[in-house]
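Reader: I would ask for a close look at one part of this model, beginning with its cysteines and then following what surrounds them. Please state the cut-off behind each term as it is used.

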Amino acid sequence: MIPQYQNINYQQFRNVLAQQQPQFFKLVFFYTSTCGVCKPILPQLDSIGGRLGAGEAGFPTQLSVVLIDAYSQALSSNVGFRTVPTFVLYGQGPNPQIIAGHEGPMNEPQVIPWVRQNLASLGA
């Protein structure tokens, strides 16, 4: 089950990232419950998390997936995105930095290569 958070502020969001396993990279999916193009993506995130979270064959890095209902404009402006859906890939550690972001919808066949490409650019 992927952790899901609603109505959180920026400090709470940073705490959520810090609570994730520090050796894992973090893929955060920002959406809103009223976002029509977000809804088809939500069920796919369990599969994405399952495939990437366990370090599947050919993917040497472990990754956790987190869902954030980003209704708060303060949260979106602090994180740095303008629209939902938005995917943000964060690094490892208790205070992870942004590696890459993608605004707009992606489905599972697009998300997995996007994550792999961005982590490969780090040598991960």
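Author: A residue is called buried under 20% relative accessible area, exposed over 50%, and partly exposed in between, with a 1.4 Å probe and protein chains only. The model is predicted, so local features need pLDDT of at least 70 and side-chain atom pairs count only at pLDDT 80 or more, while totals for chains, interfaces and linings use all residues. Residues are numbered from 1 along each chain as its sequence is written, and side-chain values use heavy atoms, with hydrogens and water left out.

The structure holds one disulfide, a term that denotes a pair of cysteine sulfur atoms within 2.5 Å. Its partners are cysteine 35 and cysteine 38, whose sulfur atoms lie 2.2 Å apart. The torsion about their S-S bond is about 80°, so the disulfide is right-handed. With a relative accessibility of 8%, cysteine 35 counts as buried; cysteine 38 is likewise buried, its relative accessible area being 0%.

Cysteine 38 belongs to the loop between β2 and α2; such elements are DSSP runs numbered from the N terminus, helices being H or I of at least four residues and strands E of at least two. Apart from neighbours within four places in sequence, cysteine 38 is in contact (heavy atoms within 4.5 Å) with Phe29, Tyr31, Thr32, Val84 and Pro85. Its C-alpha atom is also separated by 9.2 Å from that of methionine 106, a residue 68 places away along the chain.

Two of these contacts, Val84 and Pro85, carry a feature of their own: a cis peptide bond joins valine 84 and proline 85, with omega about 0°. Proline 85 is placed in the loop between α3 and β4.

That loop also contains arginine 82, whereas glutamate 103 is in strand β5 (residues 98–103). The side chains of arginine 82 and glutamate 103 meet in a salt bridge, at 3.5 Å from N to O; the rule asks for a side-chain nitrogen of Lys or Arg within 4 Å of a carboxyl oxygen of Asp or Glu. Because of where the two residues lie, the pair ties together parts that are 21 residues apart in sequence. Arginine 82 counts as exposed at 75% relative accessibility, and glutamate 103 as partly exposed at 31%.

By this rule the count comes to two salt bridges. Arginine 51 and glutamate 108 form a salt bridge in which the closest N and O atoms are 3.2 Å apart. Arginine 51 lies in helix α2 (residues 42–53) and glutamate 108 in helix α4 (residues 108–120), so this pair links parts that are 57 residues apart in sequence. Arginine 51 is partly exposed, its relative accessible area being 34%, while glutamate 108 is buried at 15%.

Tyr31 and Thr32, which are among the contacts of cysteine 38, also appear beside aspartate 69. Aspartate 69 has its place in strand β3. Aspartate 69 is buried yet has no salt bridge, and the nearest side chain of opposite charge, lysine 39, is 10 Å away; for this purpose Lys and Arg count as positive and Asp and Glu as negative, with His and the chain ends not counted. Neighbours within four places in sequence aside, aspartate 69 is in contact with Tyr5, Gln6, Asn7, Tyr31, Thr32 and Ser33.

Among these contacts is Asn7, which is found in the loop between β1 and α1. Phi of asparagine 7 is near 50°, a positive value in a residue other than glycine. With a relative accessible area of 66%, asparagine 7 is exposed.

The loop of asparagine 7 leads to helix α1. Asparagine 9 caps the N-terminal end of α1, with a side-chain oxygen 3.1 Å from the backbone nitrogen of glutamine 11. The C-alpha atoms of asparagine 9 and glutamine 73 are separated by 9.4 Å, although the residues are 64 apart along the chain. Glutamine 73 is part of helix α3 and counts as exposed at 68% relative accessibility.

Within α1 (residues 10–19), Phe13, Arg14, Val16 and Leu17 are buried. Seen down the helix axis, the buried residues of α1 fall within an arc of 155°, so they line one face of the helix; the arc is taken over the directions from the axis to the C-beta atoms. Their cover includes β1 (4–6), β2 (25–31), β3 (63–69), α3 (73–79) and β4 (86–90).

Key:
A polar contact is a pair of N or O atoms within 3.5 Å; within protein, one must be able to donate a hydrogen and the other to accept it, and residues adjacent in sequence count only if both atoms are side-chain atoms.
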